[in-house]
Protein chains: 2
Amino acid sequence: MDKISVADARKAEAVGRHVRLQGWVRTRRDSKGGFSFIELNDGSCQGNVQVVAPGELANYEAVVKHLHTGASVSIDGEVKASPAKGQATEVLASNVELVGDADSETYQLQKKGHSFEFLRGIAHLRPRTNTFGAIARLRHQVSMSIHQFFHEHGFYYIHTPVITASDCEGAGAMFRVSTIDPGDAPKVDGKVDYTKDFFGKPAYLTVSGQLQGEAFACALGKIYTFGPTFRAENSNTPRHLAEFWMIEPEMAFYELTDNMDLAEAFLKRIISDALKFCMEDLKFFAEKLENNKELFAKLENVLNNPFKRVSYTEGVDILLKSGKKWEYPVAWGNDLQSEHERYLAEQHFKCPVILYDYPRTLKPFYMKVNDDQKTVRAMDVLVPGVGEIIGGSQREEKLDVLESRMREQGLEPEGYGWYLDLRRYGTVPHSGFGLGLERTILFLSGMANIRDVIPFPRTPGNAEY
Amino acid sequence: MDKISVADARKAEAVGRHVRLQGWVRTRRDSKGGFSFIELNDGSCQGNVQVVAPGELANYEAVVKHLHTGASVSIDGEVKASPAKGQATEVLASNVELVGDADSETYQLQKKGHSFEFLRGIAHLRPRTNTFGAIARLRHQVSMSIHQFFHEHGFYYIHTPVITASDCEGAGAMFRVSTIDPGDAPKVDGKVDYTKDFFGKPAYLTVSGQLQGEAFACALGKIYTFGPTFRAENSNTPRHLAEFWMIEPEMAFYELTDNMDLAEAFLKRIISDALKFCMEDLKFFAEKLENNKELFAKLENVLNNPFKRVSYTEGVDILLKSGKKWEYPVAWGNDLQSEHERYLAEQHFKCPVILYDYPRTLKPFYMKVNDDQKTVRAMDVLVPGVGEIIGGSQREEKLDVLESRMREQGLEPEGYGWYLDLRRYGTVPHSGFGLGLERTILFLSGMANIRDVIPFPRTPGNAEY
């Protein structure tokens, strides 16, 4: 008796095998013919396998006819070709063992659909639903595709620190990490004495691994990070989390156009793998989620079109000439808002767009200044249906320019000694970008709320589990 | 002119190609014949490629003869078969461009060797050395092998939360995560008012993703975590970090023996991949590190032997009968110390050992109680040369037993409502284990200090970078 997964039992080649299946009952239906149908799921795939439990089973009346949604079972049986439409196989049970019951009076996941908001309150149970099982499988595949893509392209995976005394962008609210009791903080001259804290100085949760990633790119050539990042911003929106996962590749001897090439190939690989390996789950999203009928058209648009490369200046011209009325005014030097980005990708070009060479005043100190002195070598990848999905830049590799950019933005170069060393010793042109994992899952699935694409979301007022 | 990596340029099949190489000068040696040898490294592999820069180059006197260790260069040339021993190829340069110099007066990485302690102080530069480049490549390969192993075995990668209001083991010092200013904490009745904190309650950095991983295993079957974990313990030892990476698989319908089978296959895969893909770096470690001559024998011992499975009770018997004098006394009910574990693996069995069924008093509440009521289904994997490398258990799946175990250890079941739900609804036998990534790298490389196998180590008093 082989233990096999539901995914394997659903394949036609399983017909004739005597197998053991272990999982959870999604539904049970008793037939008038004196037998029952059990829809069994074990998380290995979206679909269930249908188990036919004959009335002859010794525990049929006592156990099988009382199996509840959510009960765990171990079932032995033979895989048969199914006469029913939409499934290749079914399993004729020779033994059904109840492993753990689920009281239908109190178990919160019943047959009927539940709102995503309700399910957020039971994040430990929601992976048992179709939607959140599909999200977990998609998230796994995307993560795996990312590792495989970089591995195949000669990148090294670097674990940049989560706790840090640096601050990547010189901005952005950070969480403090401390062992000081805030009710009884040691003080000197009325100020908190952080020499008594665990790290001997104030420490925070990282907002980006980029700066540390640059140190490794300037030694190993091509690296990427894949880790958690944090924002202590009081943003209660469907697009913001306090804790989220970022992927940040960084490459020595890469100029901005190389960076664009990589970002395009990378995003296309993620999409093509999702279409190859997660089709059942993607179909589920396209059919079951609101306003998601165009999911496959959206994904194929990005997969099959070359990304249009447009400078910020050209982009602003297009927006000014569009004749549209904007909520946020368009002018050279203003940051582009979601309405502008989406207009460019969705209505004007109708394909993915890479906007580059932004005004220096809009971007952080580490981006390379162009010869025009007005713009920096930044790039944002905009995709239809979402807007910005990747942001990156070529980094300033000249020591003196970098120092003056820091001062221009009110930062003290003295505080960045090690980062400046990368420009002092064997400096190279280098580039990188960041991709938010959760926003990628939103894009691929059509889910609307970022709290529903991470296992246990952290937001203001919420760190349950 | 193709850009290729140093790794590719060192292969015999590159002979005859006209290529561009970009990297950093390790050393330069000027020959009396009026030309120079440049040892070039780009991080793609341990070895350098030797570049022959002829005196005819226009910038030979002005630039080439002044190339310093650490300078970045872009070199065009033809790959030739090398007449020298130990290298298949060399590159005859037709153009050498200095990209970024490295002042030999101030650049801290010169030709001579540096102590690991010195290099810890320049963690942004140490990946440019042979040892730390090798560690980064090995760490990458091990991470990749872990993802591939689980992917091929039907596991899903789950990102359990880093910030948490739970505490996995009911013990272990944790870091507080907060936006409260400890110099000006809001108080009610003299106590800190955490309802004013970001999450509305006290929040911490996770010590383990296990409990949340169990929720996903009880929905998806087989999952694993791979993420950072934290300990706020004031341990200044070569084996402890405040921030380190853990891998924690968790499997539904797995009993302890299944867990042992998985742990053994998993560890063997990591070793066999390292031997397959990191041979040049492993040879470097075996040759260059102190007391590391036996590295390959140690790895092959673990790879080629079935892991011996021994109960804790048998293990204690063996230790008592050994006639050895122990620093820590051996008695049934005492925790085993490193000296005991290493005796069993290294001297008694001379192979990897899985010790299982530990006294219930030694282990956390979530481990399954055996029928003898005295022991729990815990397991530790011990390997020669290291001691414990994996710890795991079958989890208690019975609600009432789990609740009474919590009380026995002074925990309130009320605080673990969601975790108990996993036993209330469709409970299943399940198991899992944890592997510390850094300890695995210590084992594979023979490095002695855990601070040298993570990019930017965090320890008491140290969160630089």
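**Exercise 1.** Find the bridge partner of B:Ile223 in S14(B), then work outwards to the sheet around that pair.

*Solution.* Start with the residue: B:Ile223 has B:Glu250 as its bridge partner in S14(B). Keep in mind that this is a predicted model.

Next, step up to the strands. S13 (residues 222-230) and S14 (residues 243-252) of chain B are joined by 9 bridges and pair in the antiparallel sense.

Now see what lies against them. Helix H3 (residues 130-152) of chain B packs on the sheet. H3 touches S7, S13, S14 and S19 (430-436) of chain B, and its direction makes about 150° with that of S13(B).

Finally, zoom out. Reading across chain B, the strand order is S7-S13-S14-S19-S18-S17-S16-S15, an open sheet of 8 strands with mixed pairing. S7 (156-157) and S15 (308-311) each have a single partner strand, so one side of each has no neighbour in the sheet.

**Exercise 2.** Work out which strands of chain B pair with S2(B), and whether each runs parallel or antiparallel to it.

*Solution.* Take S1 (residues 2-3) to begin with: 2 bridges join it to S2 (residues 18-30), and the two run parallel. Here B:Asp2 sits opposite B:Val19.

Then try S5 (residues 72-81), which runs antiparallel to S2(B) with 7 bridges. One pair to look up is B:Trp24 with B:Ser72.

Last comes S3 (residues 35-41), also antiparallel to S2(B), through 6 bridges. B:Thr27 has B:Glu39 as its bridge partner there. To finish, check the turn: S2(B) and S3(B) make a hairpin with 4 residues between them, and B:Gly34 in that turn has a positive phi of about 85°.

Key
Residues numbered from 1 in each chain as written. Chains lettered and ligands numbered in written order. Predicted model: local features only at pLDDT ≥ 70, side-chain atom pairs only at ≥ 80, totals over all residues. Heavy atoms only, no water. Pairing = 2+ DSSP bridges. Contact = heavy atoms within 4.5 Å. Axes fitted to C-alpha atoms, helices over the stretch in contact; angles between N-to-C directions.
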